[in-house]
Every structure is written in C-alpha cells, then in structure tokens.
Amino acid sequence: KTPRIERANMDGSARRVIVKTGIAWPNGIAVDRSQPMVYWADAHQDRIEMCDYEGRHRRVLLEKGVQHPFGFTLLGEDLFWSDWQTRRVERINKRTGDGRTTVA
C-alpha cells in the first residue's frame, strides 16, 4: 500500500525497508553486487535513483527527459532501461549518469 524498496535474506528473513520516502511507482530495479548499490526507476516521478544496500548515499542519477522508465538492468559500467512512453532502450554510466545513449 505504501511504496518502498526492501531487502531480505534469500529465505525471506531479516526483511527491512531501505527506501520509504520520496518514492511513488518503483517499477524497475537492479542490484549491483560489485558496488554494492541498488538502482531503481520511479515511473511516477520520471527519474532514476540509487543508494547503497542500507538506503544510505541516496541520490538521483537521472531525471531530465525520463518519461516512463520500466525495465532495468546493469552491464559493466552501464545502466540500461526501457521507456514505456518513448519505446526506446537507453543507457547511462551507472556511477555518474553521464553518456546517455539511445541503444534501440
């Protein structure tokens, strides 16, 4: 009922909220085990955000020109997403938000 991002152990134990404010429609999420960071798209606020596994160091990675982000994945240093509105696949650098490119 209340939008949030949570984490838990693989067996479902130790469940806890890591993001509970300033979030409306989180509908894309990617976990970077090498950083460790969590990335998500908020289709209501039309932006992409990130934070660490504890919910700290939260920041907006991209909010200009994002219309309705949906599918999400990471590959190397890049973050890829599909946009429901524009019907494109785009990418940016997962650390800086720079280098925005339309892939398809």
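This tour goes through a sheet, an aromatic pair and two buried residues, with a suggestion at each stop of what to select.

The model is a predicted one, in which local features need pLDDT of at least 70 and side-chain atom pairs count only at pLDDT 80 or more, while totals for chains, interfaces and linings use all residues. Residues are numbered from 1 along each chain as its sequence is written, and side-chain values use heavy atoms, with hydrogens and water left out.

**The sheet.** Begin by selecting residues 69-75, which form β7, and residues 101-102, which form β10; strands here are DSSP runs of E with at least two residues, numbered from the N terminus. These are the edge strands, each pairing on one side only, of an open four-stranded sheet with antiparallel pairing and the order β7-β8-β9-β10. Two strands are said to pair if DSSP finds at least two bridges between them. Next add residues 78-83, strand β8, which pairs with β7 in the antiparallel sense over five bridges, and look at Leu75, which stands opposite Asp78 in β8.

**The aromatic pair.** Now select Phe70 and Trp84, the one aromatic pair that the structure holds (ring centres of Phe, Tyr or Trp, the last by its six-membered ring, within 6.5 Å; planes under 30 degrees apart are stacked, over 60 edge-to-face, the rest tilted). Their ring centres are 4.8 Å apart and their planes stand at 70°, so the pair is edge-to-face. Because Phe70 lies in strand β7 and Trp84 in the loop between β8 and β9 (88-93), the pair ties together parts that are 14 residues apart in sequence. Phe70 is partly exposed at 36% relative accessibility, whereas Trp84, at 54%, counts as exposed (buried is under 20% relative accessible area, exposed over 50%, partly exposed in between, with a 1.4 Å probe and protein chains only).

**Lys94.** Move on to Lys94, in the loop between β9 and β10, which counts as buried at 3% relative accessibility. Leaving aside neighbours within four places in sequence, Lys94 is in contact (heavy atoms within 4.5 Å) with residues including Asp32, Tyr39, Leu74, Glu77 and Asp78.

**Asp52.** Finish at Asp52 in strand β5, residues 47-52, which is buried with a relative accessible area of 9%. The side chain of Asp52 reaches the backbone nitrogen of Glu54 at 2.9 Å, and a polar atom of that side chain lies 2.8 Å from the backbone nitrogen of Arg56. Beyond its neighbours within four places in sequence, Asp52 is in contact with Ile18, Pro36, Met37 and His57.

Notes:
A polar contact is a pair of N or O atoms within 3.5 Å; within protein, one must be able to donate a hydrogen and the other to accept it, and residues adjacent in sequence count only if both atoms are side-chain atoms.
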